Structure formats: structure tokens, C-alpha cells
Amino acid sequence: MNIHDVENNVRSGKRITREEAHILLQEENWPILQTLANEKRIKEVGDEVFYAVTLFLYPTNLCELNCPFCSYYAKPGWKNAWFMTPAEIEEKVKANLHYGLNEVHIVGGLWHECDLGYYKETFERIKSLDSDIHIKALTAVEYDYLARLHGISVEEVLDRMVSYGLGSIPGGGAEVFVDSLREKLAPGKIDSDTFLNIHRIAHKKGLSTNITLLYGSIEEWDDIITHFEKVRNLQDETGGFTTFIPLKYHDENNALGKRKQRLKPKDARPLYALARIFLDNIPILKALWNYQGVPLALELLDWGVNDFASTALDEKVITMAGGVQIKMDGPTMENLILSKGRKPQKVHSGFRMACN
Ligand code: SF4
């Protein structure tokens, strides 16, 4: 098989194999990879570029784990530790309503004070301000933690959270679905199958979820393809993933980043283009400008991307890990998308679109 066979297969709508993915990833084939990803994006999802006006809320950075790749966590007594009460979260949402907020994104550390009662009060306070605000909250890792904390099933946790106002589930905590790597990146976290099964349970309950990939740490391209394959297989089964989001690993302020010789940074462009082609059953491919920097995120719109993420009214994770600090509001976001000749479309994470 050569690159022209792969080209023909992609253009005829055939699903690509691992071998074909590796051929597309050879650097001399990147121009073809980009062209194919762009063609597929135009054919399947058109010129619209989605964005949301999102308030990121981090109830606490206290965490029982200390994952080596993480720049976020703190332990009790650390100067940088914080904990927000439900009333403080309500105040913060209230203070940001004038931005045209249409969703909140809530994730935090694994911490016993953030139990089901805490989220019940928090969600109810947010909904009391505006019942239309979409609540996207907690990763699969946090749902597993809550189930263990309360001695109930993940199904029961999700049912209760939906009754409090949960709208959808973010995709963080996925890292790379290769367990030998997960053991090095995040040894205390749930394994790949457990993580994916929590998304399966959510999908079967009608909840849409996002899914991420942590790239540029210690993985090989072949591990990324394995990750893609597992995501594609679950999507074939449930259809519940809305958006795929590659997350660039930042090496500042974490234990893994101190061992630079182990790191394998990657060019984001072929990764995104391959995601557009390989994940043929997930319609939305999101570039996080605050992880990538605005110029690269804009360039990624030409490599298969159709979602420019969201305003970042309070993005602690990125800022702390050395990312760009920008107050990006809705009009700024729209102008950036228009500058690429594309059509901005404001949505929230509960929005679903289908691949043609
Ligand atoms: S990645 Fe999540 S679970 Fe791991 S230490 Fe950081 S906050 Fe805790």
C-alpha cells in the first residue's frame, strides 16, 4: 500500500486502518494529509466553526492524587490551594452573566468535600440564576471517585447529577488509552476500559460527552492511533461523543516536565488532520486556542478543525501550565473565525451535530 492508495480510499469514503494512518503520518505525506482532512471537513461538516461562551469553574485544586503530568493539584496546607463554596461559585457565575454566558464547565480535584451534596447545591444555585445555562461537569475520573466516595454505582451518581441539572460531560482525564502509559502519567487514575465504560454508561443514559487525548508527553504516534481506535470503536457502539479534543501537554510546573529527555513533543497539525480522517464518526474537532496559542489554533482550522473552543472567562489550568493568557470574549472569537473565511456559530456542549 502507498500514499496514493490511501488517498483513493479516503476520497471514496472508506474508513482508514492503522497502517494507512501511519502512511499519512510520514512527514513527506503531510501536504496530502492536510488536503484530505480539509476536504473531509468541508464535505461532512461544512464551513461553520463552533464556539461557546463558557465560564470555567474549578471548585478546588485539592486532590487525593498527584499525577506526574499535572500542574494543577495541591495538598492541604499548600499556599496555592483553594476551595470554593457553592455560594462563591454562584457569585462568580452571577458576575459573568453579562458576557452572554451559555455554559459552565466544572472540573476539579478528587476531594471529599466536593461530594454529591456539594454538587446538588452548586448546580441548583447556578440554575437559579439562569435555568438555560448548560452545565458541563466532571470527568469520568471524578464520577468514579464520587461512586466510591458514596458507595453507590456510577449509574446512580449520573442519575443524581442529571436530576441536579447536569447537561453533559467533558472529556478530560482520558490522557492516552494505553495503560502502560497511563501508569506513568497518572498511576492512581482509572484504567482505559473503566474510563471508556463510564462514557458508555453516560451515552446509554442519553448524555452527550466529549473525549480528549493528552499528546506530546511520552507517547508514540502508534499510541495515539490506539487511542483513536478505542474512541472510534465506542462511538460506533453508542454515538454519544460530540467532540474530540486533543490536549497539548505542558511541561511547566509538573514532575514529568522535569525529565525532558523522556518527552516526545509532536506537531499538532498532522495530529488534528489524522483525527478528522480517522475519527470519521465524531463530527466536531476542537482546537483549544488557549493550549495551542491563537496563531496555531487558527492554522488548525485548515487541518480539519471546526470548533474554536470557547471564551475563557476564567481558565486556571491553562494559565498555570504556561499557556496563553487572553480575555477572549464572543465578538473577538467571531472576528478571528471570520478572518479565516469561516462562519462562526455560538453553541454549547449539549449541542449535537451528525456526520453526513
Ligand atoms: S490530573 Fe486530576 S486526578 Fe491527577 S493530580 Fe491532577 S487534578 Fe488530581
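Two strands count as paired here if DSSP finds at least two bridges between them, and with that in mind I started on the strands of this predicted model.

**Entry 1: the sheet around S1**

I looked up the bridge partner of valine 49 in S10 and found proline 344. The two strands concerned, strand S1 (residues 48–52) and S10, run parallel and are joined by 4 bridges. I then followed the pairing outward and noted an open sheet of 3 strands in the order S9-S1-S10, with parallel pairing. Its edge strands are strand S9 (307–310) and strand S10 (343–346), each of which pairs on one side only. For the twist I took the angle between neighbouring strands of this sheet, which, with direction ignored, is 20° on average.

**Entry 2: the sheet around S7**

I turned next to another open sheet of 3 strands, where the order is S6-S7-S8 and the pairing is again parallel. Here I recorded strand S6 (209–215) and strand S8 (284–285) as the edge strands, since each pairs on one side only. Between S6 and strand S7 (residues 241–248) I found 7 bridges in the parallel sense, and within that pairing tyrosine 215 has lysine 248 in S7 as its bridge partner. I also checked what covers these strands, and noted that helix H9 (residues 192–204) lies across S6 and S7, running at about 160° to S6.

**Entry 3: asparagine 306**

Which loop holds asparagine 306? I placed asparagine 306 between helix H13 (294–300) and S9, the latter being an edge strand of the sheet in my first entry. Its relative accessible area is 0%, so asparagine 306 is buried, the limit being under 20%. I then looked for polar partners of its side chain: the side chain of asparagine 306 makes a polar contact with the side chain of arginine 276 at 3.0 Å, and a polar atom of the asparagine 306 side chain lies 3.2 Å from the backbone oxygen of proline 283. As a further distance I took the C-alpha atoms of asparagine 306 and alanine 287, which are separated by 8.1 Å while the residues stand 19 apart along the chain.

**Entry 4: serine 71**

I went on to serine 71, which lies in the loop between strand S2 (54–57) and helix H4 (86–96). Is serine 71 buried or exposed? At 17% relative accessibility serine 71 counts as buried, because the limit is set at under 20%. I listed two polar partners for its side chain: the backbone oxygen of glutamate 252, reached at 2.9 Å, and the side chain of asparagine 254, in a polar contact of 3.1 Å. I also compared serine 71 with leucine 271, and noted that these residues are 200 apart in sequence and 23 Å apart in space, C-alpha to C-alpha.

**Entry 5: the chain as a whole**

I closed with the chain totals, beginning with the count of 15 helices and 10 strands. The radius of gyration is 20 Å, close to the 21 Å that the globule rule gives for 356 residues, so I wrote the chain down as being as compact as a globular protein of that length. Along the principal axes, the C-alpha atoms fill a box of roughly 60 × 40 × 35 Å. I found that 58% of the 356 residues count as buried, and that, among contacts between residues at least 6 apart in sequence, 76% join residues at least 24 apart. The accessible surface comes to about 14,000 Å², and 50% of it belongs to carbon and sulfur atoms.

Note on methods. Residues are numbered from 1 along each chain as its sequence is written. This is a predicted model: local features need pLDDT of at least 70, side-chain atom pairs count only at pLDDT 80 or more; totals for chains, interfaces and linings use all residues. Side-chain values use heavy atoms; hydrogens and water are left out. Buried means under 20% relative accessible area, exposed over 50%, partly exposed in between (1.4 Å probe, protein chains only). A polar contact is a pair of N or O atoms within 3.5 Å; within protein, one must be able to donate a hydrogen and the other to accept it, and residues adjacent in sequence count only if both atoms are side-chain atoms. Contact means heavy atoms within 4.5 Å. Axes are lines fitted to C-alpha atoms, for helices over the stretch in contact, and angles run from 0 to 180 degrees between N-to-C directions. The radius of gyration is taken over C-alpha atoms; the globule rule is 2.2 Å times the number of residues to the power 0.38. Accessible areas come from the Shrake-Rupley method with a 1.4 Å probe; for residues, only the protein chains shown count as cover.
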